[in-house]
Amino acid sequence: MVVSLPASPASSRNRRPAAALLMTLSFALTGCPRQAPRPSVVLITVDTLRADHLGCYGYGRDTSPNIDRLAREGTLFEAVFTSLPRTTQSLASILTGRFPKGHGARGLFSTVPAANLMLAEVFKEAGYTTTAVVSNMFLKPGQGFEQGFDLYDNPEDRWEGDSAEEVTQTALRFLENRPAGKPFFLWVHYLDPHWTYDPSPPFDGRFDPGFRGPFTLYDDLSKGRLTKGQVIFENRLDARQVEHVVALYDGEIARVDAALGPLLDRLRELPGPLLIAFTSDHGESLGEHEYYFAHGEYLYNPTLRIPLVLVMPGSVAPGQRLAGLAQNIDIAPTLLALTGIDRLHAVDGRPLLVAPEPPAAPGAARFAASPGRAYVLAESDYQLIHPENRRFYIKGPAGKWASASDGRWKIIQIPKPGGEFLELYDLAADPGETRNLAKGNAVPEERAPLLRELRRFVDYEIGPAGREPAVIDPEELRRLRSLGYVN
């Protein structure tokens with residue numbers, strides 16, 4: 001409602017007070033004082049990035065100076081876990097705030113059902129310009145991830161291999177040409193740390209400069225002398241060669257970090273409020289549990305734990321580290337809470353940062369940590385399971401693993417014909433999950449609440465459009481092979 005006052009014959013020296021009175025009355029009657037502009041939002045996701053291979057998470061190699069600087073500028077979450085260690089399902093959880101059973105994309109080949117309310121759709125409804133610059137064949141248009149984006153940039157030449165510099169340059173072009181006067185939501189996804197680990201110079205030799213071979217792994221795979229399933233489950237490399245492959249993985253991280261530098265520098269220069277979220281879809285196993293250079297089929301923490309950093313000057317405390325349990329489903333609700341958009345309801349996630357009560361003191365960060373989760377939950381994939389995997393005992397979704405953890409204890413359930421295997425780990429005493437305490441497949445009574453939580457979580461549905469295609473196009477099969485999904 002707008003209030004108009006009759007003109008007054010007052011002299012010009014009285015017009016300014018009258019105008020001020022008019023503005024005061026208008027605000028008082030409408031109850032709508034001028035609001036601060038909504039912050040723009042940049043979501044950066046890096047494929048297959050282990051949290052513990054970043055400097056800000058304590059890694060000894062200098063893989064991530066730009067990411068580490070970003071972590072110092074904001075709040076780092078130390079115990080964040082993916083809901084499913086595959087790209088399709090995990091990114092759908094990040095963009096919807098739902099577990100896979102909620103959003104419906106249960107398998108690697110699944111599309112994200114249109115019934116989902118995606119993060120980009122929420123921002124678009126709130127008046128944001130929405131743009132995605134991504135790289136992965138499972139994010140191609142038609143998979144559902146494009147919902148809500150004004151511009152969705154994912155050309156075929158970025159569906160495999162390294163493309164970090166191109167992704168950054170495309171994102172920078174958007175920033176330079178974005179519509180003036182509107183907040184924006186920008187999602188940037190880098191593929192590079194995903195198998196095959198083959199970083200360009202100088203990153204190929206940065207972390208293992210003394211290696212002189214022999215090393216024929218990639219040639220053996222391309223010539224058919226070795227299958228990826230044999231690499232994953234029947235490791236044919238000696239210890240020194242495994243060290244070299246891990247160094248190549250770290251080189252891929254360093255390559256992405258270097259490409260991120262110009263994008264982060266440009267974001268720091270932008271006027272107006274800005275929220276940056278940095279995370280990954282899942283981690284990678286690098287030989288733990290005899291599971292080499294892969295993800296998706298097992299549920300140990302190297303593939304489940306992911307980084308999460310939030311930066312929002314004036315609202316999110318810099319240099320803060322939060323140890324409470326969190327999941328990737330919490331990311332979307334958190335971004336909306338920080339931007340003041342109350343739109344994403346009836347989801348599985350919840351904000352990790354909330355406005356404190358009473359309000360923060362002047363000069364303090366406007367958002368504080370919410371209580372951590374009591375449990376984190378995950379399931380494995382069931383599609384394109386390598387035949388060499390001896391621990392996937394039942395074909396299809398009925399063979400999926402599931403896990404639950406309260407941060408101290410963790411239970412993994414592995415289906416088998418006529419029953420199941422249970423594994424129990426004390427993560428405080430055994431962070432590497434090497435000593436199974438479920439003796440005789442039994443869990444001690446004091447761990448029963450955790451087991452009940454796991455039982456409530458488990459189901460074996462495939463979701464809408466959850467079946468693998470009956471016939472895979474030869475070019476798509478080639479790409480799947482290059483990414484290590486099939487032999």
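Here is a short walk through a predicted model, one selection at a time.

**Stop 1: strand 3.** Select residues 129–133. All 5 of the 5 residues here are buried, so strand 3 is largely enclosed by the rest of the structure. Turn it around and you'll find both faces covered: Thr129, Thr131 and Val133 sit on one side, Thr130 and Ala132 on the other. That fits the usual pattern, as side chains in a regular strand alternate between the two faces of the sheet.

Now add the neighbours. Strand 5 (residues 184–190) runs parallel to strand 3, joined by 5 bridges; look for Thr130 opposite Phe185. Strand 4 (residues 151–153) is also parallel to strand 3, with 3 bridges, and there Ala132 faces Tyr152.

**Stop 2: salt bridges.** The whole structure has 41 of them. Pick Arg86 and Asp381, whose side chains meet at 2.8 Å, N to O. This pair ties together two loops 295 residues apart: Arg86 lies between strand 2 and helix 3, Asp381 between strand 14 and strand 15. Both residues are buried.

Next, try Glu420 and Arg455, with their closest N and O atoms 2.7 Å apart. Glu420 belongs to strand 17 and Arg455 to helix 12, 35 residues away. Glu420 is buried at 17% relative accessible area, while Arg455 counts as partly exposed at 41%.

**Stop 3: helix 12.** Stay on this helix (residues 448–457) and click Glu453. The side chain of Glu453 makes a 2.5 Å polar contact with that of Arg456. Beyond its neighbours within four places in sequence, Glu453 touches Tyr375 and Leu377.

Methods:
Residues are numbered from 1 along each chain as its sequence is written. This is a predicted model: local features need pLDDT of at least 70, side-chain atom pairs count only at pLDDT 80 or more; totals for chains, interfaces and linings use all residues. Side-chain values use heavy atoms; hydrogens and water are left out. Helices (H or I, at least four residues) and strands (E, at least two) are DSSP runs, numbered from the N terminus. A polar contact is a pair of N or O atoms within 3.5 Å; within protein, one must be able to donate a hydrogen and the other to accept it, and residues adjacent in sequence count only if both atoms are side-chain atoms. Contact means heavy atoms within 4.5 Å. Buried means under 20% relative accessible area, exposed over 50%, partly exposed in between (1.4 Å probe, protein chains only). Two strands pair if DSSP finds at least two bridges between them. A salt bridge is a side-chain nitrogen of Lys or Arg within 4 Å of a carboxyl oxygen of Asp or Glu.
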